[in-house]
Amino acid sequence: KPSPQRVAMQGFMRQKLAASQGLLEGLTLERFPQVQKSALVLRKMTQTNAWSSSKNVMYQEAMTNYQANLDQLWAAASENNLNLAVAAYTRVTHNCVDCHRIVRAEQVPQLKP
């Protein structure tokens, strides 16, 4: 049976997924206010304790990059610049994959990134 902490984290990650889907929808339909809103939701989520509890240097670096790329995505959307927004979105997605790889490696030590 999953721990209460794990259940809470799964809910948190589902919220993150919903905001990420909002980014993709906003980009594909060129709804820049939606992109801005979703980027802001994700950026605020990075300021919770769940994100800052890891002492892993690689994770902290990946998180810093993720935050910077979300900021760039928000800025590109505020300028209605689809090309820059898509480029930033690609970096954000890459950051997500990197962070999850790092977390999995911590949970299962034989999976080194």
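**Exercise 1. Disulfides**

Task: Find how many disulfides this predicted model contains, and state where Cys96 and Cys99 stand in that count.

Solution.
1. A pair of cysteine sulfur atoms must lie within 2.5 Å to be counted as a disulfide.
2. Under that rule, the number of disulfides is zero.
3. Cys96 takes part in no disulfide, and its nearest cysteine sulfur, belonging to Cys99, is 7.1 Å away.
4. Seen from Cys99, the closest cysteine sulfur is that of Cys96, and 7.1 Å is too far for a bond.
5. Cys96 counts as buried because its relative accessibility is 15%, under the 20% limit.
6. Cys99 is also buried, with a relative accessible area of 7%.

**Exercise 2. The surroundings of Ala62**

Task: Decide whether Ala62 is buried or exposed, and list which residues it touches beyond four places in sequence.

Solution.
1. Ala62 belongs to helix 4.
2. The relative accessible area of Ala62 is 8%, so this residue is buried.
3. Leaving out residues up to four places away in sequence, Ala62 is in contact with Asn95, Cys99 and Ile102.
4. Ala62 and Cys99 are 37 residues apart along the chain, yet 6.2 Å separates their C-alpha atoms.

**Exercise 3. Helix 4**

Task: Compare the span of helix 4 with the expected value, and name its buried residues.

Solution.
1. Helix 4 runs over residues 57-78, which makes 22 residues.
2. From first to last C-alpha the helix reaches 32 Å, close to the 32 Å expected at 1.5 Å a residue.
3. The buried residues in helix 4 are Tyr59, Ala62, Met63, Tyr66, Gln67, Asn69, Leu70, Leu73, Ala76 and Ala77.
4. In an α-helix, residues three or four places apart point the same way, because there are 3.6 residues a turn.
5. After helix 4 comes Asn80, with a positive phi near 55 degrees.

**Exercise 4. The second largest pocket**

Task: Give the volume of the second largest pocket, then describe its lining by position, helix and residue class.

Solution.
1. The volume of the second largest pocket is about 250 Å³.
2. Its lining has 13 residues, and those closest to the centre are Lys16, Leu17, Ser20, Cys96 and His100.
3. At least two lining residues come from each of helix 1 (4-28) and helix 5 (82-107).
4. Helix 1 gives the largest share of this lining, with seven residues.
5. By class, the lining consists of seven nonpolar, four polar and two charged residues.
6. Cys96 from Exercise 1 thus reappears here: this buried residue is one of those closest to the pocket centre.

Conventions:
Residues numbered from 1 in each chain as written. Predicted model: local features only at pLDDT ≥ 70, side-chain atom pairs only at ≥ 80, totals over all residues. Heavy atoms only, no water. Helix = DSSP H or I, 4+ residues; strand = E, 2+ residues; numbered from the N terminus. Expected span 1.5 Å × (residues − 1). Buried < 20%, exposed > 50% of the residue type's maximum accessible area, 1.4 Å probe, protein only. 1 Å grid on protein atoms, 1.4 Å probe; cavity = no way out; pocket = protein on both sides within 12 Å on 5 of 7 lines; lining within 4 Å. Points joined across faces, edges and corners; volume = space filled by probe spheres on them. Nonpolar A, V, L, I, M, F, W, Y, C, P; charged D, E, K, R; others polar. Contact = heavy atoms within 4.5 Å.
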